Amino acid sequence: LSVIGVQAGYLLGGIIVVEVVFNYPGLGKLFIDAVASRDYPLIQAIAIISASLFVFLNFLIDIVYTLVDPRIRLQRF
């Protein structure tokens with residue numbers, strides 16, 4: 001499960017390369033076009049969305065840890 005969380009980050013980074021190389025319209029191509037035209041608010045928005053997605057995926061993986069391994073518990077301090 002830990003590897004899945006790390007690979008999610010690599011997939012988010014690799015999506016830019018795949019979309020530009022294969023000319024797919026998507027978030028990666030939009031990001032490259034925004035950088036080329038110096039559209040800073042759009043660059044910031046895409047960066048925040050990507051980072052939020054990465055954090056959310058890792059949070060879900062932490063929750064799945066508690067379901068898979070009964071030794072791990074969610075507790076308050």
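Which side chains meet in a salt bridge? They are those of D33 and K29, with 3.8 Å from N to O. Keep in mind as you read on that this is a predicted model. The structure holds one salt bridge, so this pair is a handy place to begin, given that a salt bridge here needs a side-chain nitrogen of Lys or Arg within 4 Å of a carboxyl oxygen of Asp or Glu. Look at where the two partners sit: D33 and K29 are four residues apart in helix α2, and therefore about one helical turn separates them. As for cover, D33 is partly exposed, at a relative accessible area of 39%, and K29 is partly exposed too, at 25%.

Now hop over to helix α1, where you'll find E19. This residue is buried, yet it has no salt bridge. What is the nearest side chain of opposite charge to E19? It's K29, and that one is 8.3 Å away. A salt bridge is counted within 4 Å, nitrogen to carboxyl oxygen. So who keeps E19 company, once you set aside its neighbours within four places in sequence? Its contacts are Y24, G26, L27, G28 and K29.

Next, follow the chain into the loop between α1, which covers residues 2–22, and α2, which covers 27–36. N23 lives in that loop, and its phi is near 55 degrees, a positive value in a residue other than glycine. Is N23 buried or exposed? With 54% relative accessibility, N23 counts as exposed, because the cut-off for that word is over 50%. Move along to the loop between α2 and α3 and you'll meet R38. R38 isn't a glycine either, but it has a positive phi of about 55 degrees. Its relative accessibility is 62%, so R38 counts as exposed.

That brings us to helix α3, which runs over residues 40–68. You can check its length yourself. At 1.5 Å a residue, the 29 residues of α3 should span 42 Å, and the C-alpha atoms at its ends are indeed 42 Å apart, so the two values agree. Which residues of α3 are buried? They are I43, I46, I61 and T66. What do these buried residues pack against? They pack against α1 and α2.

Stay on α3 a little longer and pick out I63. I63 is partly exposed, with a relative accessible area of 28%. Try finding R73 from there: I63 and R73 are ten residues apart in sequence, and their C-alpha atoms are 9.7 Å apart in space.

Finally, take a look at the surface. Which residues form a nonpolar patch there? The members are L1, I4, V64, L67 and V68, and together they have about 470 Å² of accessible area. Helix α3 gives the most to this patch, with three residues. One member to pick out is V68, which is found in helix α3. V68 is exposed, at a relative accessible area of 57%. So α3 has two sides to its story: its buried residues pack against α1 and α2, while α3 also gives three residues to the nonpolar patch, which is on the surface because its members have over 30% relative accessible area.

Note on methods: Residues numbered from 1 in each chain as written. Predicted model: local features only at pLDDT ≥ 70, side-chain atom pairs only at ≥ 80, totals over all residues. Heavy atoms only, no water. Patch = residues over 30% accessible without salt bridge, like charges linked within 9 Å, V, L, I, M, F, W, Y side chains within 5 Å. Areas by Shrake-Rupley, 256 points an atom, 1.4 Å probe, with all protein chains shown as cover. Buried < 20%, exposed > 50% of the residue type's maximum accessible area, 1.4 Å probe, protein only. Lys, Arg positive; Asp, Glu negative; His and termini not counted. Contact = heavy atoms within 4.5 Å. Expected span 1.5 Å × (residues − 1).
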